[in-house]
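Biologist: Got a minute to walk me through this model? I'd like to know what the middle of the fold looks like before I go back to the bench.

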Amino acid sequence: MNLSPIKRRSVLQGMAALGSTGLLGTALAQTGKAAWPTKPIRLVVPFNAGGATDIIARTVGEALSKRIGQPVVVDNKGGAAGILGTDAVAKAPADGHTLLLTLSTSMLINQFLYTKLPYNPQKDLALITQVAAAPVTLVVHPSVPANNMKELLAYVKAQKGKLSYGSWGTGSYAHLAGAYMSKTTDSDMVHVAYKGEAPMIQELIGGQLQLCFSSALNTKPFIDSGRVKAIGVTGKQRMDILPKVPTIFEQGVQDDAYSIFGWVAMGAPAGIPKDIVDQLSAHLREVAKDPKVVERIAAAGFLPMMNSPQEFQQNYQRDMPIWKALVEAAGARLD
């Protein structure tokens with residue numbers, strides 16, 4: 001339908017009048033579509049700036065901002081293994097203007113590591129999307145005489161009480177998977193926890209450790225230079241940045257402990273209206289098609305996902321008992 005200039009002007013004036021009286025929001029509500037966003041979005045990252053999670057948050061936030069016409073401000077709120085920032089989101093207004101971008105640690109695993117967690121991830125957070133899968137590499141010092149997972153397990157078993165494995169902290173995947181390997185091979189390996197991956201990798205290169213699980217972002221340069229040896233990657237899909245390194249799964253070692261992977265995900269305070277979730281999800285599906293976003297996610301060693309809230313919920317329920325069992329097997333408690 002073509003409107004004459006006069007009629008078009010009358011329609012616009014009418015919409016302006018509705019907006020000035022607050023009736024436009026009512027009209028939008030009556031059509032079943034909430035007026036969102038009405039102000040900048042705060043995207044909380046419960047870790048310090050500069051890490052892989054922060055890079056993904058800024059990449060997704062920039063692309064999302066262009067679609068919704070509002071700034072997406074990344075708020076790094078690090079501390080206590082992601083607990084502080086995640087708790088801040090759990091207690092924020094559920095209006096779609098505060099979102100969380102974090103790791104599986106704070107959204108899932110922490111509930112099994114802490115008895116006094118200040119939030120309940122299953123009750124206090126809405127699951128929006130798994131932005132990316134976050135598998136890790138399993139690497140060893142070059143002196144370790146193993147070139148694949150089965151050879152490594154045999155070696156570990158034969159060296160009872162003589163080997164050490166590293167992690168970037170108690171309760172991290174590196175700790176849980178290493179403890180599982182130690183227990184299932186009865187190898188009595190020593191766990192050494194570091195404050196971050198960088199010092200752990202340096203100790204591995206120096207020979208103080210024999211093996212560790214670590215992100216591809218940290219291990220790739222040393223794999224390429226031969227200073228560490230890659231045994232495999234977790235999950236069931238090879239990494240784009242390490243295409244020649246096979247998964248542990250495809251090597252025939254198909255334990256859940258090695259097939260499972262962490263993830264980077266977006267959440268929101270529980271109670272966020274479904275309509276806002278639907279709008280946000282639709283935008284994120286388009287964001288996932290942006291070549292720049294895909295490239296940056298892959299460059300960080302992650303695998304793009306950007307699934308629906310329903311798929312996220314299904315994956316969450318599937319993975320939860322596996323993570324719980326890994327924590328129990330490791331005897332990991334943080335309070």
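**Chat about the model**

Modeller: Sure, and keep in mind that this is a predicted model. Let's start with Leu 138, which sits in strand 5.

Biologist: Is Leu 138 buried or exposed?

Modeller: Buried, because its relative accessible area is 0%.

Biologist: What is Leu 138 in contact with, leaving aside its neighbours within four places in sequence?

Modeller: Among them are Met 149, Leu 152, Met 181 and Ile 248. The list also includes Leu 211, Cys 212 and Phe 213, along with Lys 229, Ala 230, Ile 231 and Gly 232.

Biologist: And how many Å lie between Leu 138 and Gly 79, C-alpha to C-alpha?

Modeller: That distance is 26 Å, and the two are 59 residues apart in sequence.

Biologist: Back to strand 5. Are its faces covered or open?

Modeller: Both faces of strand 5, residues 137–140, are covered. Thr 137 and Val 139 are buried on one side, and Leu 138 and Val 140 are buried on the other.

Biologist: Why do they split up like that?

Modeller: In a regular strand, side chains alternate between the two faces of the sheet.

Biologist: Which strands does strand 5 pair with?

Modeller: One is strand 8, residues 211–214, in the antiparallel sense over four bridges. There, Val 140 has Leu 211 as its bridge partner. Strand 9, residues 229–233, also pairs with strand 5, again antiparallel and over four bridges. In that pairing, Thr 137 stands opposite Val 233.

Biologist: Changing topic: how many aromatic pairs are there?

Modeller: The count comes to seven. One of the pairs is Tyr 173 with Phe 213, which is edge-to-face, at 5.5 Å centre to centre with 80° between the planes. Tyr 173 is in helix 8 and Phe 213 in strand 8, so this pair ties together parts that are 40 residues apart in sequence.

Biologist: Are those two rings' residues, Tyr 173 and Phe 213, buried or exposed?

Modeller: Tyr 173 and Phe 213 are both buried. Phe 213 also forms a stacked pair with Tyr 258, with 6.3 Å between centres and 15° between the planes. Because Phe 213 lies in strand 8 and Tyr 258 in helix 11, that pair ties together parts 45 residues apart in sequence. Tyr 258 is buried, as is Phe 213.

Biologist: Which residues do ring pairs link into a cluster?

Modeller: Tyr 173, Tyr 180, Phe 213, Tyr 258 and Trp 323.

Biologist: You mentioned helix 11. What about Ser 259 there?

Modeller: Ser 259 lies in helix 11, which covers residues 256–259. Ser 259 counts as buried because its relative accessibility is 9%. Beyond its neighbours within four places in sequence, Ser 259 is in contact with Gly 235, Lys 236, Phe 249 and Gln 254.

Biologist: Any odd backbone spots I should look at?

Modeller: As background, most residues other than glycine have a negative phi, and most peptide bonds are trans. Here, a cis peptide bond joins Trp 36 and Pro 37, with omega about -5°. Pro 37 is in the loop between helix 2 and strand 1.

Biologist: Which residues other than glycine have a positive phi, for example?

Modeller: Asp 188 is one of them, with phi near 50°. Met 306 also has a positive phi, near 50°.

Biologist: Where are Asp 188 and Met 306?

Modeller: Asp 188 lies in the loop between helix 8 and strand 7, and Met 306 lies in the loop between strand 11 and helix 14. Asp 188 counts as exposed because its relative accessibility is 51%, whereas Met 306, at 8%, counts as buried.

Methods:
Residues are numbered from 1 along each chain as its sequence is written. This is a predicted model: local features need pLDDT of at least 70, side-chain atom pairs count only at pLDDT 80 or more; totals for chains, interfaces and linings use all residues. Side-chain values use heavy atoms; hydrogens and water are left out. Buried means under 20% relative accessible area, exposed over 50%, partly exposed in between (1.4 Å probe, protein chains only). Helices (H or I, at least four residues) and strands (E, at least two) are DSSP runs, numbered from the N terminus. Two strands pair if DSSP finds at least two bridges between them. Contact means heavy atoms within 4.5 Å. Rings of Phe, Tyr and Trp (its six-membered ring) pair if their centres lie within 6.5 Å; planes under 30 degrees apart count as stacked, over 60 as edge-to-face and the rest as tilted.
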